[in-house]
Amino acid sequence: MKPRLLMLAAALTFAAPVFAKPVIGQPAPDFSVTDSAGKTQTLSAYKGKIVVLEWNNPECPFVRKHYGAGNMQKQQGGAAAEEVVWLTINSGAEGKQGHLDAAAANAYVAQVGGKEAAYLIDADGKTGHAYDAKTTPHMYVIDKDGTLRYMGGIDSIPSTDKEDIAKATQYVDQALAELTAGKPVSVSTSEPYGCSVKYGS
Amino acid sequence: MRMAATMFGICLASATAFAQAVQSDHVSAELIGEHLALVPGQSTQVGLLLRHEAHWHTYWTNPGDSGLPTTIAWNLPPGFKAQDIEWPLPKRFDVGGLYNFGYDDELVLPVAIDVPADVKPGAKAHLAATAKWLVCREECIPGNASLVLDLPIVAGPAKPDPRWIKQFANARLMQPQATAWKGETEVKDDRIVITLRGAGIPPAQGLDAFAAQRKVFDNKAPQIERIGDALIVSSGKSEYFGTSPATLDLLLTAPAAAGQRGWRVRIPFADAAAPAP
């Protein structure tokens with residue numbers, strides 16, 4: 001009994017390192033960000049639901065690739081049909097390329113036909129840094145218990161060419177299908193690709 | 001398409017080199033040849049010359065936290081073969097706390113072209129390529145260009161093209177020097193520590209280090225120190241580190257003041273590292 005307790009204590013210490021970075025199989029960082037409708041969005045509010053986080057910059061060519069081909073909207077729609085909460089997050093600082101205020105974000109979502117549950121405006125980059133979001137797009141899938149199950153690229157072919165989408169493995173789609181079927185996620189990380197997130201200082 | 005390329009690939013024409021620069025957003029691209037002609041059975045150096053506008057850059061084979069490496073897809077006459085890009089030493093770009101590896105200013109990406117032995121002197125070879133890149137300042141723009149380089153085939157030695165002597169000399173300086181250094185890697189929690197030993201190991205001051213493989217280093221500048229005869233390179237481990245690569249291609253770059261130069265060392269990767277959960 002005693003050794004087991006010690007091991008548990010060691011595991012708990014390990015689970016909360018000083019420089020917290022998101023880790024697969026560990027609780028995903030909670031956040032509190034205002035969305036484009038003025039509503040406060042937190043991760044903890046969605047306990048019991050699978051959550052997808054998508055980092056976005058409307059002017060980034062990699063984002064345009066996936067929206068231009070309808071790939072992102074298709075995945076958002078598919079997620080919504082499965083009761084998955086899809087949150088698009090913009091961590092672009094004010095004055096940087098791709099930063100949107102609430103009105104511009106609503107116009108953007110309408111223009112591209114976005115089917116996300118909400119568009120979060122993280123202009124201070126706090127949530128982006130908490131997730132160590134590096135690129136647009138950069139994707140995270142969190143299970144019903146709030147555990148991080150996938151982080152990385154939207155798919156397996158880093159490029160700006162729409163023609164590559166059909167040939168690529170769509171990692172988020174795959175992770176969602178596996179999670180909703182009660183299976184483990186087969187590819188839990190991939191290197192994200194895209195433009196750098198345009199953080200402020 | 002392929003047929004057309006083959007038909008026009010080699011034809012009789014005037015014996016001069018011909019190519020044209022393509023101006024794209026924030027960068028111009030051109031195929032250049034080190035020599036004015038090609039010689040049957042020999043290999044020749046050509047290059048993709050990229051001239052960047054101030055503050056814009058394109059990418060190394062490992063682009064870092066974001067970006068895309070430049071690619072060249074060749075369409076060559078039958079029997080010709082293009083080798084891989086001989087990547088020059090990269091520079092580190094800080095993009096708002098994220099790191100990109102690549103090139104600014106004027107850059108040549110050299111490629112060796114093997115000329116078959118059976119081509120006839122007097123003919124002309126049409127070397128065609130589609131180059132694709134991502135050019136970034138903080139924002140990024142994908143670009144591409146269809147480029148051609150027509151070179152005559154001669155029996156004898158080919159003369160250097162006087163227009164590009166400086167570019168190819170610089171390209172050679174920008175190549176990492178191969179070394180016989182011995183390296184050992186050790187994965188300690190979230191860091192990768194590499195110990196290098198061997199003749200001509202440089203002092204640590206001003207050095208930077210890069211891994212050619214992706215998903216190994218975390219892309220932040222590694223800590224580099226000299227302890228006795230050993231050079232220790234300690235980098236954060238990539239969050240996307242999965243299975244260890246069999247070997248790590250480590251590049252070291254010296255301060256620009258000394259002229260851009262650096263070294264390459266191939267290191268067997270200690271497989272003590274467990275795959276990521």
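A residue is taken as buried if 20 or more other C-beta atoms lie within 10 Å of its own, with C-beta atoms placed from the backbone. In the predicted model described here, this criterion is met in helix 2 of chain A by A:Pro61, A:Phe62, A:Val63, A:Lys65, A:His66 and A:Tyr67. Because 6 of the 8 residues of this helix, which spans residues 61–68, are buried, helix 2 of chain A is largely enclosed by the rest of the structure. The cover over these buried residues draws on both chains: it includes helix 3 (71–81), helix 4 (102–112), strand 6 (135–136) and strand 9 (195–196) of chain A, together with strand 13 (140–152) of chain B. Just after helix 2 of chain A, the backbone at A:Gly70 adopts a positive phi of about 80°.

Contacts between the two chains involve 21 residues of chain A and 20 residues of chain B. On the side of chain A that touches chain B, the residues comprise 6 that are nonpolar, 9 that are polar and 6 that are charged.

Chain B itself is divided by the domain assignment into domain 1, covering residues 2–173, and domain 2, covering residues 177–268. The C-alpha centres of domain 1 and domain 2 of chain B are 29 Å apart, and 10 residues of domain 1 of chain B are in contact with 15 residues of domain 2 of chain B. On the side of domain 1 of chain B that touches domain 2 of chain B, at least two residues each are supplied by strand 6 (58–64) and strand 10 (98–103) of chain B, and strand 6 of chain B contributes the largest share, 3 residues. By residue type, this side of domain 1 of chain B consists of 5 nonpolar, 3 polar and 2 charged residues.

Chain B also contains an open sheet of 4 strands, arranged in the order 15-16-19-18 with antiparallel pairing. Strand 15 (182–188) and strand 18 (223–227) of chain B stand at the edges of this sheet, and each has a single partner strand, so that one side of each is left without a neighbour in the sheet. From one strand to the next, the twist averages 20°. Within the sheet, strand 16 (residues 191–197) and strand 19 (residues 230–236) of chain B run antiparallel and are joined by 7 bridges; as one instance of bridge pairing, B:Leu196 has B:Leu231 in strand 19 of chain B as its partner.

Technical notes: Residues numbered from 1 in each chain as written. Chains lettered and ligands numbered in written order. Predicted model: local features only at pLDDT ≥ 70, side-chain atom pairs only at ≥ 80, totals over all residues. Pairing = 2+ DSSP bridges. Axes fitted to C-alpha atoms, helices over the stretch in contact; angles between N-to-C directions. Domains from an automatic or database assignment. Contact = placed C-beta atoms within 7 Å. Nonpolar A, V, L, I, M, F, W, Y, C, P; charged D, E, K, R; others polar. Buried ≥ 20, exposed ≤ 12 C-beta atoms within 10 Å, placed from the backbone.
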